[in-house]
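Subject: Structure handover

Hello,

Please find the structure below. My notes on what turned up in it follow, starting with the empty space inside.

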Amino acid sequence: MILLESLVMDVSWILDDLNDPQRAAVTAPLGPLRVLAGAGSGKTRVLTRRIAWLLAVENASPWSILAVTFTNKAAAEMRSRVEAMLDQPLGGLWVGTFHGIAHRLLRQHWQEARLPRAFQILDSDDQTRLLKRVLRDLNVDEKKWPPLAAAGFINRCKDEMQRPANVLDDGTPAQRQNQRIYATYQQECERSGLVDFGELLLRAYELWRDHPNLLTHYQERFQHVLVDEFQDTNTIQYQWVRLLSGNPCDVFIVGDDDQCVYGWRGSKVENIQKFSDDFPGAQTIRLEQNYRSTGVILKAANALIANNTGRLGKNLWTNAGDGDPVQIYAAFNETDEARFVVERIRQWVETGGQRRETAILYRSNAQSRIFEEILVGAAMPYRIYGGLRFFERAEIKDALAYLRLVANRDDDPSFERVVNTPPRGIGGRTLDLLRDTARAESCSLWQATSRLLGGKALSSRAAHAVRRFLDLVEALDRDSQDQPLPERVSHVIAYSGLQTMYAEDKADKGEMRAENLDELINVSARFIAHCDPVITGADPAEPDWLNTFLAHAALESGERQAGAGEDCVQLMTLHMAKGLEFSLVFLVGWEEGLFPHNRSAAQERQLEEERRLAYVGITRARQRVYLCHAEQRRWYGKETQQNPSRFVREVPEALTQDVRARVNAKLRPKAPPALSPAAAMAAGGLQLRQRVHHAKFGEGVVLAIEGEGYHTRAQIHFPAAGGPKWLVVAYTKLDRL
DNA sequence: CGCTGCACAGATAGT
DNA sequence: CTGTGCAGCG
């Protein structure tokens, strides 16, 4: 094989730095291939090299390759890596998420998919809002049938490729009710030209299933299909890949069953396990050498994941030495935990480490708050990923709703969202009438409103207000039609009255919201500048920028790149951290109830998924990992006692080291020594901005004081000692200057 | 109709 | 603690 290659051409640039199994995967003969790639074993590298191999050695056209990833970020990175490697843009190459690719197909074949040309995408928030309305229409009590539960049911159905008609009737009233809600919701979506995330996949699947000529076209075109993170595919994604891969097929899938953490979204770890059954002749290659972590980190991760059953099994190993033990820190409470972490990062930076090489990983976003607070206090640059994203902000959704109405008048959720935003005198009564009419005539709210305006049903005052709204949207459309997108966005924000409404809102966040609206204009301008119509599915000849942008807003989480270049501590959920690596990793909140989460601990299947998440967390670390848990934590505003997570115990003791809580131990409330009068005076007498002297740190200034009595801590900036320090006042001798 | 204030429930993860 | 829903007043 090697000999043959050297005769044909020099392929060392593709294969040089690969180990044997990696090379075997990259150069494998065409046909179904499964690569089981452990954490840190060079998975992404193998995928990108395989694409390069197909292009350079197998003479594949970029046109014939489809690569699927799970996040937009991963897709963008893969494309740029391959393009960099081959030193040329590869326009014909399709790289994207399942949702992105499905969307592109539906835009291109909207007629065959029986969708209106300007169909819009519902994000989960939109979906829940729409469901609330559906539940009201069906007279279902929201208390008994939470909209979120209904959304869960519908999404599960779609993930399992079930239309309302083929939902299994198990005879329970609950199932019937859910089915009824699903059917009504679906009708509403159809009428409004709306497609939710699950629908994107299901429609794309049905598009091919019901149009054999289209399917054949794509089967012939995509000779080579590559799927990353295959362990996270759900039923419909799996079937979609099967449908696309004709026979013979070249399907190259990469995944790690131990990193399947999206079961809640319908992903099936079985998919990667049964691949070899469904794709005859499939070969399997295991990548087991880890290039990322120390021996101790790998052993810890291996020991933990060994508690799971039904794994495909692999044995991760490394050439690297053992390295430091896993550090375990038992914090008093969440504040102590955060202080400890930030202090250790400060030490890391002090000894020459980079902040961007450190990560704080938590189970749920709510945990980020306290870290943010402490990081701000320590003046340490940080970046939080996830949380409330740009396109999810209320003011942005308002603006997008106007834009969506401009694109498609029948978009009922958008209509409802802004019909009275800013307030123009359209209240609940009027809206009820509009809804009833729409329902009675099976038409959209927009159409119902137009009809009502022709009759006498509306009071003259309501009719006037409603007419103003319709005229406004028509005018927004007409007056901005010939403008480029950013001007259009700007026009809509200004003339809809949103800009004024938020600018005049003196309450807490008005000003920031007005700024965000301005930012939306910039975002749309950047979108035009950087968007590749080929990637987003726009018709390159005559892109419908408005629709393309609206789809982008729904599909792309819209995290802001600002500050990405700065050297920042990285904060994110364990889920988001999958695929990333850091030198120093803090895994925080390892407490029963929090991680594993309460709702997952009862069921073995879910517990195993939590364990895989723990595995993902540990294997993110190159050099050193900390497991932190707090004994007490504020939850829902009240203090709760917490026990260490079982996952802490599942790391063998021989690999761990307990961090002795020095200063922090003294803070524990257990039998606190009586506060001496002198200490009380010392604590009470300290003031902000006061200048003090410390025997070791020299002169300093008090930046912050918190706690009271015995617990009082002060943050004091000591220039001579290199920055601010938190001191327990009762234990510190400070001279006031 | 629109606003304010109060009661209440609710938070795992993300395309 | 925070966002949402609903009642009651201006």
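The second largest cavity in this predicted model lies between domain 2 (120–192) and domain 4 (392–535), because both domains give residues to its lining. About 40 Å³ of space lies in this cavity. Its lining is made up of Arg133, Asp137, Glu188, Arg191, Arg435, Ala438 and Arg439. Three elements each give two or more residues to that lining: helix H7 (124–137), helix H9 (173–192) and helix H19 (428–440). H19 supplies the largest share, with 3 residues. Sorted by class, the lining of the second largest cavity has 6 charged residues, 1 nonpolar residue and no polar ones.

How many cavities are there in the whole structure? A search that counts cavities of 30 Å³ or more finds 2. A general point may help with reading this kind of result. Empty space left among atoms shows up when a probe the size of a water molecule is rolled over them.

Now to the other cavity. The largest cavity holds about 40 Å³ of space. Which residues line the largest cavity? They are Phe98, Ala102, Leu201, Ala204, Ile236, Gln237 and Trp240. The elements that contribute two or more residues here are helix H6 (98–108), helix H10 (197–210) and helix H12 (235–244). Of the contributors, H12 gives the most, with 3 residues.

What classes of residue make up the lining of the largest cavity? This lining has 6 nonpolar residues, 1 polar residue and no charged residues. Set beside that, the lining of the second largest cavity has 6 charged residues and no polar ones. When you open the model, I suggest colouring the two linings by class and looking at them in turn.

Some figures for the chain as a whole come last. Chain A contains 32 helices and 21 strands. It has 737 residues, of which 54% count as buried. The surface that chain A exposes comes to about 33200 Å², and carbon and sulfur atoms supply 50% of that area.

The contacts in chain A can also be sorted by how far apart the partners are in sequence. Taking contacts between residues at least 6 apart in sequence, 74% join residues that are at least 24 apart.

Regards

How values were computed. Residues numbered from 1 in each chain as written. Chains lettered and ligands numbered in written order. Predicted model: local features only at pLDDT ≥ 70, side-chain atom pairs only at ≥ 80, totals over all residues. Heavy atoms only, no water. 1 Å grid on protein atoms, 1.4 Å probe; cavity = no way out; pocket = protein on both sides within 12 Å on 5 of 7 lines; lining within 4 Å. Points joined across faces, edges and corners; volume = space filled by probe spheres on them. Helix = DSSP H or I, 4+ residues; strand = E, 2+ residues; numbered from the N terminus. Nonpolar A, V, L, I, M, F, W, Y, C, P; charged D, E, K, R; others polar. Domains from an automatic or database assignment. Buried < 20%, exposed > 50% of the residue type's maximum accessible area, 1.4 Å probe, protein only. Contact = heavy atoms within 4.5 Å. Areas by Shrake-Rupley, 256 points an atom, 1.4 Å probe, with all protein chains shown as cover.
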